[in-house]
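Let's take a look at one spot in this model where helices meet, and at the empty space left there.

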Amino acid sequence: MTVRTRFAPSPTGYLHIGGVRTALFNWLFARRHGGQFILRIDDTDQGRNQPEALQPILDGFRWLGIDWDEGAEVGGPCGPYYQSERLDRYQAAVKTLLDKGLAYHDYATAEELKAEREAAEKEKRPFLYSRRWRAETPADRARFESEGRKSVVRLAMPREGACRFHDHIRSAMTVEWTNEADHVIQRADGSCLYNLANVVDDHDMRITHVIRAEEHLSNTPRQIFIAQGLGYELPEYAHLPFVAEPGSKNKLSKRKLAQYLKNPDFRAACEHGQAIAAAIGLTMTAETFNPVIVDFYREVGYLPDAIVNYLLLLGWSLDDKTEIFSRQEMIAQFSLERVNKAAASFDVKKLRAFQERYMIALPVEPKTEMVLPFLQKAGLIPAPTPADMVTRVTDIVRAAGERIKVAGDILDYAAFFVADEQLVYDQKAFNQHVRKPEANALLRKARERLAAVTFEAKALETLVQEFAQSEGVKLNDINQPLRVAVTGKSIGFSTYETLALLGRERCLTRIDRALEQGGVIGK
RNA sequence: GCCCCCAUCGUCUAGUGGCCUAGGACAUAGCCCUCUCACGGCUAAGACAGGGGUUCGAGUCCCCUUGGGGGUACCA
């Protein structure tokens, strides 16, 4: 039997990092067993969903390299793959359940139900609906309806016995339930609810392994009841632990952003991304642009492989040492048995550590490709970019080396692309390394020497070293004034490479401007 | 309230009764490297929630307590 798994996102407009982890595990399991991964769209809740909200989600999956064999946009033999188009299937299933006496029309009002629930709570016993407004016969229905009541369809859950099922992640045990409530499967208006739709869809799409978040663990008994009532063969179940929020065990939720922002690491990551977004003209609020949402990483210039690798290890491990996995390796090694049972909290810093490792391993050419759009969007280079300018960017990327952690970090080197008169100086750095009398004097002298030398890193290094020696100062004493004068900042890669990349003319112009204190002083 | 799940360093985890004076990674601190920043190297600090069993022996099995989480919707 071919393994078939699925992920069913709701079109909410953005792809959540916890959802991606669930999708990834489904995808990995299908790929591991040579099966199919299906992307079904969970748009039953009409009021909340908008069609245009689906695109960012599909784009997110494609960017991450999580591809689907059937489903949204690609179609397939088990469609339709949009739940909104499957109403007739659900209604047919409800009718079957009704005919078999496994479900019933119920005429209770919300108030009546509430009263029963509260009474049960008061007596500290489990709430079970009395079924007082259950319609047993057509005559009952007519009577209730004459009272002006509306009916929903409820599951007639057994009041005795227990539901047992096996869960791949809790492999040592079978989970067991008794006294399940009579959940509604169809509303008065004929629309159907999640539990019913889900079971029908999974069956129609021949899903063999239901791998989903743990919040669905308690839905499983009633879903099994529905499936059995409909004569379906049961799938295998695997309930994944939650991805918890930073620094806690609570389920990660995009609605609790303000709270995550209190976490210093999360906040720092968010601000770093916001700064890049602002520089490339993205107007984003923290609500829709933050490290819980996949789009954030794409816009800021993360590598999909780094994110996927991090997510793989969030709740799964191979052994006590292997951390880096190529797609091929993770597909070859993945197993549900090695999924952890406890919730794992999302740690932006660790994700970033993976990003750094992947970025370090990335050769200069693809890194340059990644970085180009950021310079273009920031208006620092034209788009399309002429070949000689691309070469220049490549040189800078090479010189910056491991300092570029995400593609957007190229904007730290904006000084290489702005006109001399537009160079902005960091105030603190300027005061310390240019304005201070001894630094200023040294910079003046160095400027004279620079006028004569070949602008090539090696030659510049020799020159500066000799100069420092003859002046009896440390290398730092001269390198920092030079760096600040030509880039505006006290941090950056090798001064010699910086000077060489900028060229004699621009360096001398910038140094002169700095000495005249004619630059634009920033904060 | 009721039902269910879970529990090893701050975080992600290894550990399937003796290889554990509990290993790795991220983060943290110190030192080294060094023109700044980053990278890298070395070192340090840091955990079996508590209590009972079972066993010659328990992080590992059982029970209880505590703690955390989820569900309890005409949401998904």
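## Two helices and a cavity

In this predicted model, the axes of α17 and α19 cross at roughly 80° and come within 9 Å. An angle of 65 to 115 degrees counts as roughly perpendicular, so that is how α17 and α19 sit relative to each other.

Who does the touching? On the α17 side the contact is made by A439, L442, L443, A446 and L450, and on the α19 side by D477, I478, P481, L482 and A485. Sorted by type, the residues of this contact come out as nine nonpolar, one charged and no polar.

Now for the empty space. The structure has one cavity of 30 Å³ or more, and the largest cavity holds about 30 Å³ of space. Which residues line the largest cavity? They are A446, L450, L463, V464, F467, I478 and L482. Some of these names have come up already: A446 and L450 of α17, along with I478 and L482 of α19, are part of the helix contact and also part of the cavity lining.

Three helices each give at least two residues to that lining:

| Helix | Residue range |
|---|---|
| α17 | 437-450 |
| α18 | 457-471 |
| α19 | 475-487 |

Which helix supplies the largest share of the lining? That's α18, with three residues. As for chemistry, the lining of the largest cavity is made up of seven nonpolar residues, with no polar and no charged ones. The contact of α17 with α19, by comparison, does include one charged residue.

How values were computed:
Residues are numbered from 1 along each chain as its sequence is written. Chains are lettered from A and ligands numbered from 1 in the order in which they are written. This is a predicted model: local features need pLDDT of at least 70, side-chain atom pairs count only at pLDDT 80 or more; totals for chains, interfaces and linings use all residues. Side-chain values use heavy atoms; hydrogens and water are left out. On a 1 Å grid over the protein atoms alone, a cavity is a set of points where a 1.4 Å probe fits but cannot get out, and a pocket is an open set with protein on both sides within 12 Å along at least five of seven lines; lining residues have an atom within 4 Å of a point. Grid points are joined across faces, edges and corners, and a volume is the space filled by probe spheres set on the points. Helices (H or I, at least four residues) and strands (E, at least two) are DSSP runs, numbered from the N terminus. Ala, Val, Leu, Ile, Met, Phe, Trp, Tyr, Cys and Pro count as nonpolar, Asp, Glu, Lys and Arg as charged, and the others, Gly among them, as polar. Axes are lines fitted to C-alpha atoms, for helices over the stretch in contact, and angles run from 0 to 180 degrees between N-to-C directions. Angles under 35 degrees count as roughly parallel, over 145 as roughly antiparallel, 65 to 115 as roughly perpendicular and the rest as oblique. Contact means heavy atoms within 4.5 Å.
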